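Here is a short note for a colleague who is opening this entry for the first time. Please read it with the structure in view.

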Amino acid sequence: NAFVRWMDGTCKPVPPQQGQEEDQQQLFTFYRDVKDNPALIALTLDIQGSIQKIFSIIHKSLRQWKRYEKLWSGKQELE
């Protein structure tokens, strides 16, 4: 499940190449290019921070509604 590189000027995937060890083959993909790209790393961190912030806001909002739980469950009157 990798983004396989194509041979230069074609749409043919690059075949696995002989690795450093005899029985090892290396598949050329875009993984290292994506993994080491500073712009993508920064974007990933920004997205993760935004997601954490959104979950925090949602959690805070849900806590505010917690005081009405007794009304929804029909157990007691609002204090």
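The points below go from overall confidence and layout to the surface and the side-chain pairs.

1. Confidence. This is a predicted model. The mean pLDDT of the chain is 84. A value of 70 or more is reached by 90% of its residues. Among the elements, helix H2 has the highest mean pLDDT, at 96. Strand E2 (residues 25-26) has the lowest, at 76.

2. Layout. The chain has 2 strands and 3 helices. Read from the N terminus, the order is β-β-α-α-α. Helix H2 covers residues 38-65.

3. Burial and contacts. The chain has 79 residues, and 4% of them count as buried. Take the contacts with a separation of 6 or more: 21% of these join residues 24 or more positions apart. The exposed area of the chain is about 7,800 Å². Carbon and sulfur atoms supply 57% of that area.

4. The nonpolar patch. Please look at the surface patch of about 1,100 Å². Its members include Phe3, Phe30 and Val34. Leu40, Leu43, Ile47, Ile51, Ile54, Phe55, Ile58 and Leu62 also belong to it. Which element gives the most to this patch? Helix H2 does, with 8 residues.

5. Leu40. This patch member is found in helix H2. Is Leu40 buried or exposed? Neither: its relative accessible area is 34%, and values between 20% and 50% count as partly exposed.

6. The aromatic pair. A search of the whole structure finds 1 aromatic pair. The rings are those of Trp65 and Tyr68, with centres 5.6 Å apart. Their planes stand at 50°, so the pair is tilted. Trp65 is partly exposed, at 48% relative accessible area. Tyr68 is partly exposed too, at 27%.

7. Salt bridges. Side chains of opposite charge can pair when their charged atoms come close. How many salt bridges does the structure hold? There are 2. One links Asp36 and Lys35, whose closest N and O atoms are 3.1 Å apart. Asp36 is partly exposed, with 47% relative accessibility. Lys35 is also partly exposed, with 41%.

8. The other bridge. Glu69 and Lys66 meet through their side chains, at 3.0 Å from N to O. Glu69 has a relative accessible area of 39% and is partly exposed. Lys66 reaches 53% relative accessibility, so this residue counts as exposed; the cut-off is over 50%.

Notes. Residues are numbered from 1 along each chain as its sequence is written. This is a predicted model: local features need pLDDT of at least 70, side-chain atom pairs count only at pLDDT 80 or more; totals for chains, interfaces and linings use all residues. Side-chain values use heavy atoms; hydrogens and water are left out. Helices (H or I, at least four residues) and strands (E, at least two) are DSSP runs, numbered from the N terminus. Buried means under 20% relative accessible area, exposed over 50%, partly exposed in between (1.4 Å probe, protein chains only). Contact means heavy atoms within 4.5 Å. Accessible areas come from the Shrake-Rupley method with a 1.4 Å probe; for residues, only the protein chains shown count as cover. Patches are made of residues with over 30% relative accessible area and no salt bridge: like charges are joined within 9 Å, nonpolar side chains (Val, Leu, Ile, Met, Phe, Trp, Tyr) within 5 Å. A salt bridge is a side-chain nitrogen of Lys or Arg within 4 Å of a carboxyl oxygen of Asp or Glu. Rings of Phe, Tyr and Trp (its six-membered ring) pair if their centres lie within 6.5 Å; planes under 30 degrees apart count as stacked, over 60 as edge-to-face and the rest as tilted. pLDDT is the predictor's confidence in each residue, from 0 to 100.
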